[in-house]
Amino acid sequence: MTAFASDSLAAATRPNPNRPIAVWLLVCAAMVLAMAVIGAITRLTESGLSMVEWKPLIGILPPLSSAEWNRVFDLYKATPEFRIYNSHMDLAGFQSIFWWEWFHRLWGQLIGFVFLIPFLRFWMQGRISAELWPKLAGLFLLGGLQGGIGWFMVKSGLVDSPNVSHYRLALHLSTAILIYALLLRTAFGLLDPLPLAGWRPESAPLRRHARWALGLVAVTIVWGAFVAGSDAGFAYNTFPLMAGHWIPPEVDTLTPWWINPFENTAAIQLIHRVLAILTGVVVLVLAARVLNARLPGRAGRAALASGAMVLLQIAMGIATLLTVVWIPIAAAHQAGAILVVSMLVWLLFELRSIGRE
């Protein structure tokens, strides 16, 4: 056994003082994943514009009296959504959509508390290293920014149109997934800080491949948010053809031509489909390459998990279309996107450990 391997083995047998911090970060990551699913349900139930006030902290309580319920309902009555779509709605109907948005916001604030309170405790105990402190502080600030982005998104549906901007929706979802990935990667580094012994030169091209795969997943998720925000999922509910065409003739009906990929329902859904299949192929090839390399450690398991998850995610995407965006499947599809990110972040971590970087 080499001296490096001997030192690594000895260090691995010692208790890991960072394990409680890593577990805390994984709990926060799980809450962010749940938040994304709650957000998907909130959007799919058309509840997202029911709360027209943004009151961080003091708005954590729901209306507790009839007078307060009538006040917030009157505020909703002044919105474009009520005037155009829900003018028939009574107070009971308003309450049925209010609760999802309220729970969505409540969960976001709970994430803030679950992050901040242990962070302050670990800091006061001197358990946060100088290297880790800016990472955790940055995550907290990014979480606060995400709350502001969420309100920025909601405001886009309160002025003229009863629909939130799909660009702002994509920004909101992308920021959530970035926070999730950073939480996960930081926790992995704390749980397993020591790389495996030995340099494996074949891991370097695999890391590059994995980064490209993760980038493609990110782009696919952005177009998925465009699909959701533009209601493109309610059109062309067949697969693999779209209204009997591989490429529907409506994909280039907007002018100027370059806005079609971002504004045209047919083009948005087509691009999302193509990106999903391309991403699936890239991830499956990556999994095959990692398995064929027979690398030490958990890289093979991470590769298998990545391949299996991307196949399941594609199946859920098809099911979402065929069921005309049935809420349980659509919410699972959004969760699946984040789980694909999870598997690739794990795989990248394992490949980096092998490379001793």
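User: In this predicted model, what is the handedness of the crossing in which α8 passes α10?

Analyst: The model is a prediction, and in it α8 crosses α10 in a left-handed manner.

User: Why are α8 and α10 called roughly antiparallel?

Analyst: The two helices pack at an angle of about 160 degrees, their axes being 9 Å apart. An angle over 145 degrees counts as roughly antiparallel, and α8 and α10 are therefore assigned to that class. The residues of their contact divide into 21 nonpolar, six polar and one charged.

User: How do you know that α10 and α11 are oriented as they are, and which class describes them?

Analyst: Helix α10 covers residues 265–293 and helix α11 residues 299–322; their axes cross at roughly 160 degrees and come within 8 Å. With the limit set at over 145 degrees, the pair is therefore roughly antiparallel. The crossing of α10 and α11 is left-handed.

User: What makes up the contact of α10 with α11?

Analyst: On the α10 side the residues include Q269, R273, A276, I277 and G280, and on the α11 side they include A299, G300, A303, L304 and S306. The contact also involves V283, L284, A287, V290 and L291 in α10, which with the others meet α11 residues including G307, V310, L311, I314 and L321. By class, the residues of this contact are 14 nonpolar, five polar and one charged.

User: Why are α3 and α5 placed in their orientation class, and what is that class?

Analyst: The axes of α3 (residues 66–77) and α5 (residues 91–124) cross at roughly 85 degrees and come within 11 Å. Angles of 65 to 115 degrees count as roughly perpendicular, so α3 and α5 are given that description. W69, N70, V72, F73 and Y76 in α3 meet L91, F94, Q95, I97, F98 and W99 in α5. These residues divide into nine nonpolar, two polar and no charged.

User: How do you know whether the span of α7 agrees or disagrees with the value at 1.5 Å a residue?

Analyst: Helix α7 comprises 26 residues, 166–191, and should therefore span 38 Å; its end C-alpha atoms are 37 Å apart, which agrees. At the start of α7, a side-chain oxygen of S165 lies within 3.2 Å of the backbone nitrogen of Y167. The cut-off for a polar contact is 3.5 Å.

User: How does the reach of α11 compare with what is expected at 1.5 Å a residue?

Analyst: For its 24 residues, 34 Å is expected, and α11 reaches 35 Å from its first C-alpha to its last, which is close. Just after α11, V324 has a positive phi of about 55 degrees.

User: What makes D231 notable, and where does it lie?

Analyst: Most residues other than glycine have a negative phi. D231 is not a glycine, yet its phi is positive, about 60 degrees. D231 is placed in the loop between α8 and α9.

User: Which peptide bonds leading to P240 and P256 are described, and what are their omega values?

Analyst: Most peptide bonds are trans. The bond joining F239 and P240 is cis, with omega about 5 degrees. The bond from T255 to P256 is likewise cis, with omega near -5 degrees. P240 belongs to the loop between α8 (203–229) and α9 (260–263), and P256 is also in the loop between α8 and α9.

Terms used: Residues numbered from 1 in each chain as written. Predicted model: local features only at pLDDT ≥ 70, side-chain atom pairs only at ≥ 80, totals over all residues. Heavy atoms only, no water. Helix = DSSP H or I, 4+ residues; strand = E, 2+ residues; numbered from the N terminus. Expected span 1.5 Å × (residues − 1). Polar contact = N/O pair within 3.5 Å; in protein donor to acceptor, adjacent residues only side chain to side chain. Axes fitted to C-alpha atoms, helices over the stretch in contact; angles between N-to-C directions. Parallel < 35°, antiparallel > 145°, perpendicular 65-115°, else oblique. Left-handed = near helix turned anticlockwise from the far one by under 90°. Contact = heavy atoms within 4.5 Å. Nonpolar A, V, L, I, M, F, W, Y, C, P; charged D, E, K, R; others polar.
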